[in-house]
Amino acid sequence: MRPQDILMPVPAGLCCKAGGFHIDPVRPVERAVITHGHSDHARPGHGAALATQETLDMMRLRYGDNFARSTQAISYGEEIRLGDVNVKFHPAGHVLGSAQIAVSCKATKIVASGDYKDAPDPTCTPFEVVPCDVFITEATFGLPVFRHGNAADEIKKLLASVALFPERAHLVGAYSLGKAQRVIALLREAGYDAPIYLHGAMEKITHYYESRGVALGELRAVKGTKKADLAGTITLAPPTATSDIWTRRFPDPVTAFASGWMRVRARARQRGVELPLVISDHADWDGLTATIDATGAGEVWVTHGQEDALVHWCKAKGLAARPLDLVGYGDEEESETLPDGEDEA
Amino acid sequence: MNRFAELLDRLAYEPGRNNKLRLISAYFREVGDPDRGYALAALTGALSFKHAKPGLIRDLIAARTDPVLFALSYDYVGDLSETVALMWPKASSPLPPRSGGEGSGVGGLSACSSGSESAEAPPTPNPSPPRARARGGRGDHRAWLRDLAACFARGFVIHSALSDRRAQGMPGVRCAR
């Protein structure tokens, strides 16, 4: 069987006819297999949803109990049969509960990695290389200018700034699922033990992380805290909130933003960021290319991001490669708006 | 040098004059000689790089990156010096073998996935070529050119950082936070 007969890009997402399911469908489908909880991959309204327990829990937190007619949890390393194919989940290292999905049919194995990173992250299970014939990779940071570096060094920058400007508040824009908790965990690793403040939209997911055993230290809500008491503190907020009228409750805030995009000045400028922190939940260029190498895949399908450069790189290495041209996936940070009811009033 | 790069970054993004002064004085208090001397020279425009021209930088980066990848990157970043600085191989990594193999320019980079320090400290800026090294054969000369280019790429960034700093320091540029 040819790989494209096993998995095929269709408008609703990656379709597996032989297994009767879609991976990360962007439209409601009968059976959905979901890599992780970010809103562009995990959408409500499917008939049945198969994902890790964490991903299902996060979908429930965001979309309510009826986000799918039925759900089934699967753990890392577990393999199940769907139709004529076998499906196995492996950790993707992207956020809590994120998975790569290996689809095998006869002798052919395709790995859909969803979003992934090979860098260490104290808040989730580390990425696992899965040898395969076809590797489906994201390309969010698929240009050689994106090399993220050590996240701990970026945290040092933030802490140095807090020490230098003790009378100002530090506002860190971070996506509310994954990035925020990682930044908090990295701050704790760096020895910062003061309370960390949270925007209202961060609270639910962050407390969920804690309930799954991720230690984050003392967390407080910004809401109800006096302006003067926020001097010298660190607050995590969704990226959109840091340029919002909401920031007026902080004394002379320093606006930081934790994202891989901060590697490029123009992107930091665009957002009016004063302290860009290059911390990403996606693999950087070196990570993408090293991972493709490590899987041993002879064929690479590239999706969402800078496909061209990565496809070019693969072809230069003698690998068959093509962009999948799937639409509907983007960087969550780009599109995050405050969900209803999570808005900080 | 990384500390200086950090200072420039902060200055470039910080709109408030007093906050800029705090950043600069913290830097001079914290960093020893001779680095802060070079920093002072760079900040006051006393450093010049006579021999390094954009054409040279372009040639040097072309020699160590895949042309298609460079073009895509340049297109995305929009600024030659920044693109070169971001793509520049780590100072410690050897020059890529000139085998003509496509993609070899990035091959050397995969070893440094740890790299915010990928813009690893270029050597102390030294505008005049050290004669002994320049005479020391082709390899040395190339190493020196590489160092110089790294400095110069940084120099571009420094320059743009300073002009942005001026622009951002202007009243009314940013009215609300």
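Which residues have the most contacts inside the largest nonpolar core? The model examined here is predicted. Its largest nonpolar core has 130 residues. Those with the most contacts inside this core are Val103(A), Val183(A), Leu236(A) and Ala256(A). The core draws at least three residues from each of domain 1 and domain 2 of chain A.

The division of the chain comes next. Domain 1 of chain A covers 3-145 + 281-335. Domain 2 covers 151-277. The C-alpha centres of domain 1 of chain A and domain 2 of chain A lie 29 Å apart. Contact between these domains involves 20 residues of domain 1 of chain A and 20 residues of domain 2 of chain A. On the side of domain 1 of chain A that touches domain 2 of chain A, helix H2 (53-63) and helix H9 (332-335) each supply at least two residues. H2(A) gives the most to this side, with 4 residues. By residue type, the side of domain 1 of chain A that touches domain 2 of chain A divides into 8 nonpolar, 5 polar and 7 charged.

Two of the core residues named above can be followed further. Leu236(A) is one of those with the most contacts inside the core. Residues up to four places away in sequence are left out of its list of neighbours. Leu236(A) then touches Val172(A), Ala174(A), Ala180(A), Val183(A) and Ile184(A). Leu236(A) also touches Ile196(A), Leu198(A), His199(A) and Met202(A). Val183(A), one of these neighbours, is also among the core residues with the most contacts.

Ala256(A) leads to strand S16 of chain A. S16 spans residues 254-258, and 5 of its 5 residues are buried, so the strand is largely enclosed by the rest of the structure. Val254(A), Ala256(A) and Ala258(A) point one way from S16(A). Thr255(A) and Phe257(A) point the other way. All are buried, on either side of the strand.

S16(A) pairs with strand S12 and with strand S17. Strand S12 (residues 170-173) of chain A runs parallel to S16(A), joined by 4 bridges. Here the bridge partner of Gly173(A) in S16(A) is Phe257(A). Strand S17 (residues 275-277) of chain A also pairs with S16(A) in the parallel sense, over 3 bridges. In S17(A), the bridge partner of Phe257(A) is Pro276(A). Phe257(A) thus has a bridge partner in S12(A) and in S17(A). Helix H6 (residues 265-270) of chain A joins S16(A) and S17(A) in a right-handed β-α-β unit.

Note on methods:
Residues are numbered from 1 along each chain as its sequence is written. Chains are lettered from A and ligands numbered from 1 in the order in which they are written. This is a predicted model: local features need pLDDT of at least 70, side-chain atom pairs count only at pLDDT 80 or more; totals for chains, interfaces and linings use all residues. Domain bounds come from an automatic or database domain assignment. Two residues are in contact if their C-beta atoms, placed from the backbone, lie within 7 Å. Ala, Val, Leu, Ile, Met, Phe, Trp, Tyr, Cys and Pro count as nonpolar, Asp, Glu, Lys and Arg as charged, and the others, Gly among them, as polar. A nonpolar core is a set of buried Ala, Val, Leu, Ile, Met, Phe, Trp, Tyr and Cys residues joined through C-beta atoms within 7 Å. A residue is buried if 20 or more other C-beta atoms lie within 10 Å of its own, exposed if 12 or fewer, and partly exposed in between; C-beta atoms are placed from the backbone. Two strands pair if DSSP finds at least two bridges between them. A crossover is right-handed if, with the strands pointing away from the viewer, the path from the first strand over the helix to the second runs clockwise.
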